[in-house]
Amino acid sequence: MATPISCIAFAFFLLFSSVASPSQASPRSQQHETEPIYSSFVFNSTDLPSEDYYDYIIVGGGTAGCPLAATLSQSFRVLVLERGGVAYGKPNLMNQEGFLTALMDINTPDSPAQAFTSEDGVPNARGRVLGGSSAINAGFYSRADQEFYQKSGVNWDLTLVNQSYEWVERAVVFRPVLKNWQSAVRDGLLEAGIDPYNGFTLEHMVGTKIGGSTFDSLGRRHSAADLLSYARASNIIVGIHATVERILLAHSSSKAGSSPSAIGVIYRDPIGRFHHAMVREEGEVILCAGAIGSPQLLLLSGIGPRLYLSSWGIPVAHHHPHVGQFLYDNPRNGISIVPPVPLEHSLIQVVGITEGGSYVEAASNVIPFSSPPHSAFLRAPSSRLYLTVATLMEKIPGPVSAGSLRLASTDVRVNPIVRFNYFSNPVDLERCVNGTRKIGDVLRSRSMGYFKFLEWLGRRNFRFVGPALPLDQSNFRQMAEFCRRTVSTIWHYHGGCVVGKVVDRNFSVIGIGGLRVVDGSTFTLSPGTNPQAGLMMLGRYVGVKMIRERVGI
């Protein structure tokens, strides 16, 4: 179905507005047209037993959950419970041309993206598919920055960090080939003074670079789900369409004041039947449900602020005042133009990492165009017409501004209420102004001249879709107002179960035995320009650490 021209700005607002043997074959070597190897251990949750026991139960088969499960399965029996389905066989998810269509397919209960709007009024989305947000995102892959490691509160083993990245990259990361728009943006970033040029690199480096992509040379998507092909098939079960209702907790001692431990979870299958998944001795429940799902599930399980839980009638298992607090989302601002010549479809491939604390990225999309439905002057075309829209955007690191999450219902399927408080801290606003000024510098570069329209008297100008930058970009007040007025998301929200507040430096929930959180909800700042590399690394990293600790290596 064609998308009316009036929907274009909205679409773009959403778009850029989620221990293996060395001899194992890399998942990269599989034929993508055939059913993936991991399909042999993926089951609809209706087919799973009403009760069973595992060494580890992972709630959320997303960007961190899949590599964590694959790693732990090398030595232990693992159950992964994913509330969504699988991406395989769905063209809009599996190729980059379907990216926008998949993102906007948010109205059905089993859609791969679940929409929500924060109290700030900004539309957003959650991944609801095996692979999580790595199965619906723009595919850009870049390792975390050094500040992330220094301020995360975790004592990182940097050798293992690098090994974990390499394990991921062998399977799902590719070098993109730049075409017209991305090449022009790269040159424009350099003309705008975002230097040096670092070429193709997966490392976070100040300057302009080409990053990795999880889309291969044929435009086919690879996601964290592909990392399940590293798993030991005899040791892992992945249950899809499995909605975890709550964590089961028990006290190991009858003594007053003894700490509870996680002993399993209750989940519901698509036909409404409840199942119990229980952990064996020394086993653990591990939440990998993301920055929305993990704090929500803790609250629904009675882990959170005592008075708040009591107000909902939720029995308090453990008073934890910071669950759902320190929630962040990196604001995105930018401009979109209609170029005078057709452009290829391209997602993020190039980034400018500035000294002033912002990241500049770009994309171009080909969007179906239709005439207004009851026009007396326009005849409907005999064949579909298409329109190219190109976008320049900036994201700030961090951010410093923090928000919170609270329940909207005791039904886990209902999105919680979220507020991010964009730009409540002036540091973030200043970074946004610096970043949008850089976009202005790029637009004034010679490389961008090709994308202007020739107008009367020989003048050339851009045709903007949506707001243009203020004319006086030296005026801080006007630029700050542009940032506030056009704020969108780039889906890099994080926090809610942060290290040092809710979990310790080993990602174990403080005060609860046998329970960890391993996902972006533990971060106080987003890792690098785009977080999926850091999240996939995190899953592998924690899995290796857990195996080493348990077997005494």
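In the hairpin formed by β12 and β13, where five residues lie between the strands, Gly272 adopts a positive phi near 95 degrees. The model described here is a predicted one, and the strands on either side of this turn, β12 (residues 260-268) and β13, are paired in the antiparallel sense over five bridges. Within β13 (residues 274-287), Met278 serves as the bridge partner of Gly264, and Met278 is also the bridge partner of Tyr53. The latter pair belongs to the parallel arrangement of strand β2 (residues 51-59) with β13, in which eight bridges join the two strands. A further parallel pairing links β13 to strand β28 (residues 515-517) over three bridges, with Leu515 of β28 acting as the bridge partner of Val285.

A separate group of four strands makes up an open sheet, in which the order is β22-β21-β16-β27 and the pairing is antiparallel. The edges of this sheet are occupied by β22 (417-419) and β27 (494-495), each of which has a single partner strand, so that one side of each is left without a neighbour in the sheet. Between strand β16 (residues 325-328) and strand β21 (residues 403-406), which run antiparallel, there are two bridges, and the residue of β21 that is the bridge partner of Leu327 is Gly403. Helix α8 (residues 290-300) lies across β16, β21, β22 and β27, and its direction makes an angle of about 50 degrees with β21.

Two of the loops that lead into strands of this sheet contain backbone features of note. In the loop between β20 (385-395) and β21, which is where Pro399 is placed, the peptide bond from Gly398 to Pro399 is cis, with omega near -5 degrees. Trp491, found in the loop between β26 (488-489) and β27, has a phi near 70 degrees, which is a positive value in a residue other than glycine. Elsewhere in the chain, a cis peptide bond with an omega of about 5 degrees joins Asp195 to Pro196, and Pro196 is located in the loop between α7 (180-191) and β7 (197-200).

Helix α10 (residues 426-443) packs against helix α11 (residues 476-485) at an angle of about 100 degrees, the two axes being 9 Å apart. As angles from 65 to 115 degrees count as roughly perpendicular, α10 and α11 are therefore roughly perpendicular to each other. On the side of α10 the contact is made by Leu429, Glu430, Cys432, Val433, Thr436 and Arg437, whereas α11 contributes Phe476, Met479, Ala480, Phe482, Cys483 and Arg484. Classified by residue type, this contact of α10 with α11 comprises eight nonpolar, one polar and three charged residues.

The second largest pocket of the model has a volume of about 410 Å³. Its lining is made up of 21 residues, of which Asp145, Glu147, Tyr359, Pro397 and Arg431 are the closest to the centre of the pocket. Helix α5 (residues 146-151) supplies the largest share of this lining, amounting to three residues. By class, the residues that line the second largest pocket are divided into nine nonpolar, seven polar and five charged.

Technical notes
Residues numbered from 1 in each chain as written. Predicted model: local features only at pLDDT ≥ 70, side-chain atom pairs only at ≥ 80, totals over all residues. Heavy atoms only, no water. 1 Å grid on protein atoms, 1.4 Å probe; cavity = no way out; pocket = protein on both sides within 12 Å on 5 of 7 lines; lining within 4 Å. Points joined across faces, edges and corners; volume = space filled by probe spheres on them. Nonpolar A, V, L, I, M, F, W, Y, C, P; charged D, E, K, R; others polar. Pairing = 2+ DSSP bridges. Contact = heavy atoms within 4.5 Å. Axes fitted to C-alpha atoms, helices over the stretch in contact; angles between N-to-C directions. Parallel < 35°, antiparallel > 145°, perpendicular 65-115°, else oblique.
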